[in-house]
Amino acid sequence: MMQDLFQSPDYYQLDDLLTEEHKVVRTATRDWVKKEVSPIIEDAAQKAEFPKSIIKGLGEIGAFGPYIPVEYGGAGLDQISYGLIMQEIERGDSGVRSTASVQSSLVMYPIWKYGNEAQRKKYLPKLATGEWMGSFGLTEPDHGSNPGGMTTNFKDKGDYYLLNGAKLWISNAPFCDVAVVWAKNEEGRIHGLLVERGMEGFTTPETHNKWSLRASATGELIFQDVKIPKENLLPGKNGLGAPLGCLDSARYGIAWGAIGAAMDCYDTALRYAKERIQFGKPIAAYQLQQKKLAEMITEITKAQLLAYRLGQLKNENRATTAQISMAKRNNVDMAIKIAREARQVLGAMGITGEYSIMRHMMNLESVITYEGTHDIHLLITGMDITGISAFK
């Protein structure tokens, strides 16, 4: 069982910018991760199993829909609190944060924002506690970065909708109780549908043989003539902008989460460098190791400032999609580079499960691709500053 010795870096005293509520929320999440995630996560990753035992705890610490109003079972927290929760959970493991991100930003968020009151009251309280788990069906086998090309579709059959198609690379799919599925109607317009486990023709096979997010459950959503009750259509918003609005919220959480993974790698490398003796002194005394560590804390600090400011803008409903893209792309890129450098500080020990670094590095290879790839986010920024789309 791993001992969690993590100490959070705060080089620019950013804690001074946080409210007492922010600090309480972060401490509660950090303590829970140290107690419930760190001791089991290496074993879960080695076995490629999602530790379902932690779902109840994620609900109890408010990790599911932290910003959802209290009346629907959420914690009613602000966006910086949400970010800090994601940071602390990903410090434990990106796969666990993926589970919480999907539940919060991709399932609860669209039901809250695009659903009607009956849908909110039926689903949100159960999702907030983790009694029900959700998944988000947008990506298809042939349509990743171009979600508008989706072929999953539904037809109006009078009393119900008939849904056909398939979604791929879906976190939580193997055990989800409800899926928010995006599909085209007969006019080609994209709508959100709530598909519940047990509906005939709905299956969720698990994706195996992953080298990344091994402690997260990934799968497919397959629909073969699934009859969807008409009251399961999300009425509040349609078109591609509806799922993209959910992705904004998820990408924002990732921008914070990646900082947590980077912090853990940096903290591990710093402690190891101080303790590892070579040629009669700790390797932290050598210039090249100090260069690595100094660059790590610099990049973490820059990412913290980016995420914090973005959180302020989110709280004021002023954060743009392009700003969120910039933070997601920058912070994940920062984290994956720090993971690789930290692994080198540890030498051969860095590849073992005795330390978290190699697991973080493998996980971040997924994080840099999902919710918009590294290159796609670059083009979102490019389109924003030039006014010209490079997608078509």
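## Salt bridges, pockets and surface

The structure holds 21 salt bridges. The model is a predicted one. This report takes the charged pairs first, then the pockets, then a few single residues.

### Charged pairs

Side chains of opposite charge can pair when their charged atoms come close. Three pairs are set out here, with the distance between the closest N and O atoms.

| Pair | N to O distance |
|---|---|
| Arg120 and Glu117 | 2.8 Å |
| Arg318 and Glu316 | 2.7 Å |
| Asp333 and Lys337 | 3.0 Å |

Start with Arg120 and Glu117. Both sit in helix α5, which covers residues 117–129. They are 3 residues apart, so about one helical turn separates them. How accessible is Arg120, buried or exposed? Arg120 is buried, because its relative accessible area is 17% and the cut-off for buried is under 20%. Its partner Glu117 is partly exposed, at 31%.

The second pair joins Arg318 to Glu316 through their side chains. Arg318 has a relative accessible area of 49%, so it is partly exposed. Glu316 is also in the partly exposed class, with 43% relative accessibility.

The third pair lies in helix α8, residues 321–345. Asp333 and Lys337 are 4 residues apart there, about one turn of the helix. Asp333 counts as buried, with 18% relative accessibility. Lys337 is partly exposed, with a relative accessible area of 47%.

Some salt bridges also form a network. Which residues does it link? They are Asp4, Arg91 and Asp264.

### The largest pocket

Rolling a probe the size of a water molecule over the atoms shows where empty space is left. The largest pocket contains about 1200 Å³ of space. It is lined by 40 residues. Closest to the centre of this pocket are Thr139, Gly144, Tyr370, Glu371 and Gly372.

Several elements give two or more residues to the lining of the largest pocket. They are helices α4 (94–114), α6 (241–275), α9 (357–367) and α10 (374–386), together with strand β3 (160–171). Which element gives the most? It is α4, with 5 residues.

The lining of the largest pocket divides by class into 17 nonpolar, 16 polar and 7 charged residues.

### The second largest pocket

The second largest pocket holds about 370 Å³ of space. Its lining has 19 residues. Met2, Gln3, Thr268, Arg271 and Tyr355 lie nearest the centre of this pocket.

Three helices each supply at least two residues of this lining: α1 (20–47), α3 (79–92) and α6. The largest share comes from α6, with 6 residues. Helix α6 also gives two or more residues to the lining of the largest pocket.

How does the lining of the second largest pocket divide by class? It has 6 nonpolar, 5 polar and 8 charged residues.

### A nonpolar surface patch

Tyr11, Tyr12 and Leu305 form a nonpolar patch on the surface. Together they have about 370 Å² of accessible area. Leu305 lies in helix α7, residues 287–315. Leu305 is partly exposed, with a relative accessible area of 36%. That value fits the patch, because patch residues need over 30% relative accessible area.

### Two buried helix residues

Ala100 and His377 lie in helices named above as giving residues to the lining of the largest pocket. Ala100 is in α4. His377 is in α10.

Where does Ala100 stand, buried or exposed? Ala100 counts as buried, because its relative accessibility is 0%. Its C-alpha atom is separated by 30 Å from that of Asp225. Along the chain, Ala100 and Asp225 are 125 residues apart.

His377 is buried as well, with a relative accessible area of 0%. From His377 to Leu313 the C-alpha distance is 19 Å. These two residues are 64 apart in sequence.

### In brief

Helix α4 gives the most residues to the lining of the largest pocket, and helix α6 gives the largest share to the lining of the second largest pocket. Arg120 and Asp333 are buried members of salt bridges, while Arg318 is a partly exposed one.

Terms used:
Residues are numbered from 1 along each chain as its sequence is written. This is a predicted model: local features need pLDDT of at least 70, side-chain atom pairs count only at pLDDT 80 or more; totals for chains, interfaces and linings use all residues. Side-chain values use heavy atoms; hydrogens and water are left out. On a 1 Å grid over the protein atoms alone, a cavity is a set of points where a 1.4 Å probe fits but cannot get out, and a pocket is an open set with protein on both sides within 12 Å along at least five of seven lines; lining residues have an atom within 4 Å of a point. Grid points are joined across faces, edges and corners, and a volume is the space filled by probe spheres set on the points. Ala, Val, Leu, Ile, Met, Phe, Trp, Tyr, Cys and Pro count as nonpolar, Asp, Glu, Lys and Arg as charged, and the others, Gly among them, as polar. Patches are made of residues with over 30% relative accessible area and no salt bridge: like charges are joined within 9 Å, nonpolar side chains (Val, Leu, Ile, Met, Phe, Trp, Tyr) within 5 Å. Accessible areas come from the Shrake-Rupley method with a 1.4 Å probe; for residues, only the protein chains shown count as cover. A salt bridge is a side-chain nitrogen of Lys or Arg within 4 Å of a carboxyl oxygen of Asp or Glu. Buried means under 20% relative accessible area, exposed over 50%, partly exposed in between (1.4 Å probe, protein chains only).
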